[in-house]
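Visitor: Hi, I have a protein model open and I'd like to be walked through it slowly. Could you start with one of the sheets?

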Amino acid sequence: MAKKSTKAAVTKNMPVQDPKGPSSTTSLPINVFPIIGIGASAGGLAAFEEFFSGMPSDVDPDMAFILVQHLAPDHKSILTELVRRYTRMRVYEVVDGMVVTINCTYIIPPNHDMALFNGKLQLLEPAAPRGHRLPIDFFFRSLAFDQRERAIGIVLSGTGSDGTLGVQAIKGEGGMVMVQTPESTEYDGMPRSAVATGKVDFQLQPRAMAAELIAYAKSGSVRWNPLRGGQRLENDFEKIFVLLRTTIGHDFSQYKINTIQRRIERRMSVNQIKSISAYVTFLQKTNTEVTALFRELLIGVTSFFRDTSAFSCLEEIAIPKIIAIQAKNRNIRIWVPACSTGEEAYSIAILLKEKLDTLQITMSVQIFATDIDQSAIEVARNGVYPGTIIAGLTDKRLTRNFTMEANGNSYRINKNIRDMLIFSVHDLVKDPPFSKLNLISCRNVMIYMTTELQRKIIPLFHYSLNIDGLLFLGTSEGVSEFTDLFEVIDRKAKLFQRVDDIQGNHRLAFSRLLVPSVQSTASKSLLPERTQNHGLALRQITEQNLLQHIGSAGALVNARGDILYLYGRSGQYLEPTPGETMVNNILKMARPGLQFELTTALNKAAKQKKPVHVSGVRVRTNGHHCSTNLTVRPILEPTDESIESPLFLVVLDSVEPIKALEANPVKPKNGGQDPNEDKHIAVLMQQLRTKEEYLQAANEELETSNEELQSTNEEMQSVNEELQSTNEELETSREELQSVNEELSTVNTELQHKLLDLARLNNDMNNLLAGTGIATIFVDHQLRIMRFTPMATAIINLIVSDEGRPVAHIASNLLNYNTLVEDIQSVLKTLMPHSIEVLTKANKWYLMRVLPYRTLDNVIEGAVLTFVDVTEIRAVRKALDKANELRPLVNLVLHTHDAITVIDILGRITAWNPAATRIYGWTEAEARAFGLDPRIPQHLKPQAIPELTSQTKSPTIAPYLTERLTKAGELLSVWMIPTALFDAKNEIYAIATIERPVTEEKNENSNS
């Protein structure tokens, strides 16, 4: 009941809608009022209704609302008419170029994408095919770019993940985001996807959103200028930095103050705090707000292949250059600092994989992607992204590099791409950098840093890059004054190449950022203390553990023998295996003589967790043998989660042949050489060679079997790829069907509301027809009865089952009227109404009218017969006709000089003309008031009525003389002529008399 009353109040106060929209001359500047974008899909209509029902009904919200919903492209939407019922604001379906005006609501039309540009709504033809359109993301991004920190986005019920990228764009510009609580939605896909970004400010039910919006808009008007705040305001900022560094562990004091200010302002608006000092107090008391502010300061706006032109330069120039430089050692190392949730790092990996596949080259690729946000790194490690990523990916890249999850709303990066990346938490400002890199991609990070901090970061990148290494920056970034360290490759794409710093002018600036490289060996771990907190690169782990083995060749491996890092000249001990795929396993790369001992030592070290040493291992290298001492030593498990553990250091020390003999000297008997011993040695050597050849043959057979299995595996992989391709096609079809289903759900909801309206109108019409008492019959062109009102059954014998039967087959109760069919046909032919009065068997008269049945499109679809009861009207008309006939007699009665009265059989006066008043003195009202005729004297009352009755029964009516009293009590002698009045039963019910006093008769005679 409350909802109905609210709706009635809204409808009553609703202004008249201008179909052309608001005039641009009356619009306010776009920065005067907030513009709120609302996105919804399936189930969104109920959410819209609840949202606008929560708006104040007595005041304007002083905002503008823009609604974007998934609509069927070939179906005319009635969303505009439906929304008008729930709001007092003006509601428009958008036309191209419409200006956004305060206190108005705008609805996206079907089959269009919509954007906001300079306060105007622009409509565009959808570029994506049906099933892949993301109109909410498209509009939210334009809203963010147009309104910046004033942008407000709301995500309501819907399936899929449309709106997620838009939420990230709005938050990237400092705007505010609301999401409907998933529990209150009809479909929770879109809200849950938005919440998963970690960038949602409010999770509310739609009805509660209006109050928060109004409060946010009011508190957002409170601004301050840090340049005018003086020392006190600066101290407040420093206190905030202290709280962040103490609680989170990161220092934001060297970030640009304007960026910090906007983010703090927004958090104050969200929490409705008006002074910065009060916000500092709030931070001290609320640890969750410190975390929320930290996440607010992390501008995590990213997407796959963001900035297409820049990534095109990376694909066409940078990656081919890197591959050409690393063609010999076949090892590529890339660092992506501030990677956020990993989209940019994965984009680089995809480009590398595509180029290597095109060139048919196999290389080891390591991409280190780091960020200070642990939650963002977790998202990147999982490699699962919402379905909205299709906006930045071609169909080919999506198919080759991603697999759709079982929920159908997200995609997982394929393993071959995921294995190229290592994600870790890393602070670019204070943690040690990676080194020996071919590319650093640090985009849109330094724009938020002060100039002083940028001067420290650029030399850091120079140190980390190899000679001819590349630096890839954001479109608004550069190397500033460090032009001697980098040369420009592409100025527009911000691609630079490292120049060797011969003089070392900037090493001092870099050294301040470095941590001590090596700690005391007295510790059980050779790793610096700082590495235990943040983790070091693999190169550092290897080099620090090899410090005790200068001159040795070594490798850092895991328990399976996979090589993570090589050190020194290892060619005499290891050789690449034949084939296209480069094997990175030390057990498979070990040369003959070393493989068995290395496998045994590695397994023993892994089980016993202590160093294993093997002396005098004979290794065959290029036709000759060399001796080496083998050491396998477990090292401390790294704290970096991206590095697999446990790790083992394999050290190979070359031993001179003479030293090998000295280690095992031959002692001849009696100080001489024993010939038998030489023969025995020769036999043993021959046996040993036989064993080696046997093992070699067995090994070759095993490798052949492995190759066959690998070939079979490749065939299975090929079949699997075909099945995967088929599955992807089915997934694409399913996505399209899901999109169509969302559109149909929206259309179905609109139609349900329309059906409710039609049912209500039908009930109103039925009650109207029944209330008027007019019998109505509807017939089609073939004169078949379509429907009729209950009153019609009294005229034509109709029952419910008669619908669909010709009217001519139905018996009617009409008398003397047999041309009903002909009259209806005539009306259908001429389209002229026809009227006639008909009589029924019940002796009732009806005015029958036959009219054409017209639709709203002015199409004739039959005829309408109406019967209006005119029985009383005919009776009145007949009475009026009779009255007109008696009008001369009435005039005579009114103007005669004789008294004319009517007395009923009980002696009461029922009629009295003006002459009677003149003669007797009583008015008509007075005369009627008496029970008996007051004129009759007392002595004449008993025989007065019988006398009059007998006089009227005489064959001839002649005047007779009698006496009557006046009002003054005078007794008059009068001549009287009585006339009997008969009823329908021919019985007397009254007597009319004409009376004249004798004195007046004498006067007339004398005058004559």
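Guide: Let us begin with an open sheet in which 5 strands follow one another in the order β22-β21-β25-β24-β23, with antiparallel pairing. Please keep in mind throughout that this is a predicted model.

Visitor: Which strands stand at the edges there?

Guide: The edges of this sheet are β22 (563–567) and β23 (612–621), and because each has a single partner strand, one side of each is left without a neighbour in the sheet. From one strand to the next, the twist averages 25°.

Visitor: How many bridges join β21 to β22?

Guide: Strand β21, which covers residues 553–558, is joined to β22 by 4 bridges, and the two run antiparallel. To find one of these places on the screen, look for G554, whose bridge partner in β22 is Y567.

Visitor: And which strands does helix α22 lie across?

Guide: Helix α22, made of residues 595–608, lies across β21, β23, β24 (624–634) and β25 (647–655), and its direction makes an angle of about 10° with β24.

Visitor: Okay, new topic. What is the order of strands in the sheet of 7?

Guide: That open sheet has the order β3-β5-β2-β1-β8-β9-β10, and its pairing is parallel. Its edge strands are β3 (90–93) and β10 (202–204), each with a single partner strand, so one side of each has no neighbour in the sheet. Ignoring direction, neighbouring strands here are turned by 20° against each other on average.

Visitor: What holds paired strands together in general?

Guide: Strands of a sheet pair through backbone hydrogen bonds, and they can do so in either a parallel or an antiparallel way.

Visitor: Where would I look for β1 and β2?

Guide: Strand β1 spans residues 35–40 and strand β2 spans residues 64–69; they run parallel and are joined by 6 bridges. I35 stands opposite A64 of β2, which gives you a place to begin.

Visitor: What packs on that sheet?

Guide: Helix α2 (residues 44–53) lies across β1, β2, β5 (104–107), β8 (152–155) and β9 (176–180), and runs at about 165° to β2. Helix α5, residues 164–172, also packs on the sheet, where it touches β8 and β9, and its direction makes about 150° with that of β9.

Visitor: Is α2 mostly covered or mostly open?

Guide: Helix α2 is mostly covered, since 8 of its 10 residues are buried. Among them are L45, A47, F48, F51 and F52, and G44 is also on that list.

Visitor: Let's jump further along. How do β29 and β30 run?

Guide: They run antiparallel, with 6 bridges joining β29 (residues 834–840) to β30 (residues 845–854), and V838 stands opposite Y846 in β30. The two strands form a hairpin with 4 residues between them, and N843 in the turn has a positive phi of about 60°.

Visitor: What comes after β30?

Guide: Strand β31, residues 860–869, is joined to β30 by 8 bridges, and these strands run antiparallel. One of the facing pairs is M848 opposite F867 in β31. The hairpin of β30 and β31 has 5 residues between the strands, and in it N858 takes a positive phi near 60°.

Visitor: Can you show me a single residue: is F496 buried or exposed?

Guide: F496, which lies in strand β20 (residues 495–498), counts as buried, because its relative accessibility is 6% and the cut-off for buried is under 20%. Beyond its neighbours within four places in sequence, F496 is in contact with residues including L470, L473, V479, F486 and I489. It is also in contact with L471, and F496 and L471 are 25 residues apart in sequence but 5.0 Å apart in space, C-alpha to C-alpha.

Visitor: How many disulfides are there?

Guide: The structure holds 0 disulfides. As for cysteines, C313 is buried with a relative accessible area of 6%, and C339 is buried with 2%.

Visitor: Last one: where does pLDDT stay under 50?

Guide: One such stretch is residues 502–536, for which the model has 56 contacts beyond four places in sequence, and another is residues 658–664, with 2 such contacts. Over the protein chain, pLDDT averages 78, and 80% of the residues score at least 70.

Note on methods: Residues are numbered from 1 along each chain as its sequence is written. This is a predicted model: local features need pLDDT of at least 70, side-chain atom pairs count only at pLDDT 80 or more; totals for chains, interfaces and linings use all residues. Side-chain values use heavy atoms; hydrogens and water are left out. A disulfide is a pair of cysteine sulfur atoms within 2.5 Å. Buried means under 20% relative accessible area, exposed over 50%, partly exposed in between (1.4 Å probe, protein chains only). Contact means heavy atoms within 4.5 Å. Two strands pair if DSSP finds at least two bridges between them. Axes are lines fitted to C-alpha atoms, for helices over the stretch in contact, and angles run from 0 to 180 degrees between N-to-C directions. pLDDT is the predictor's confidence in each residue, from 0 to 100.
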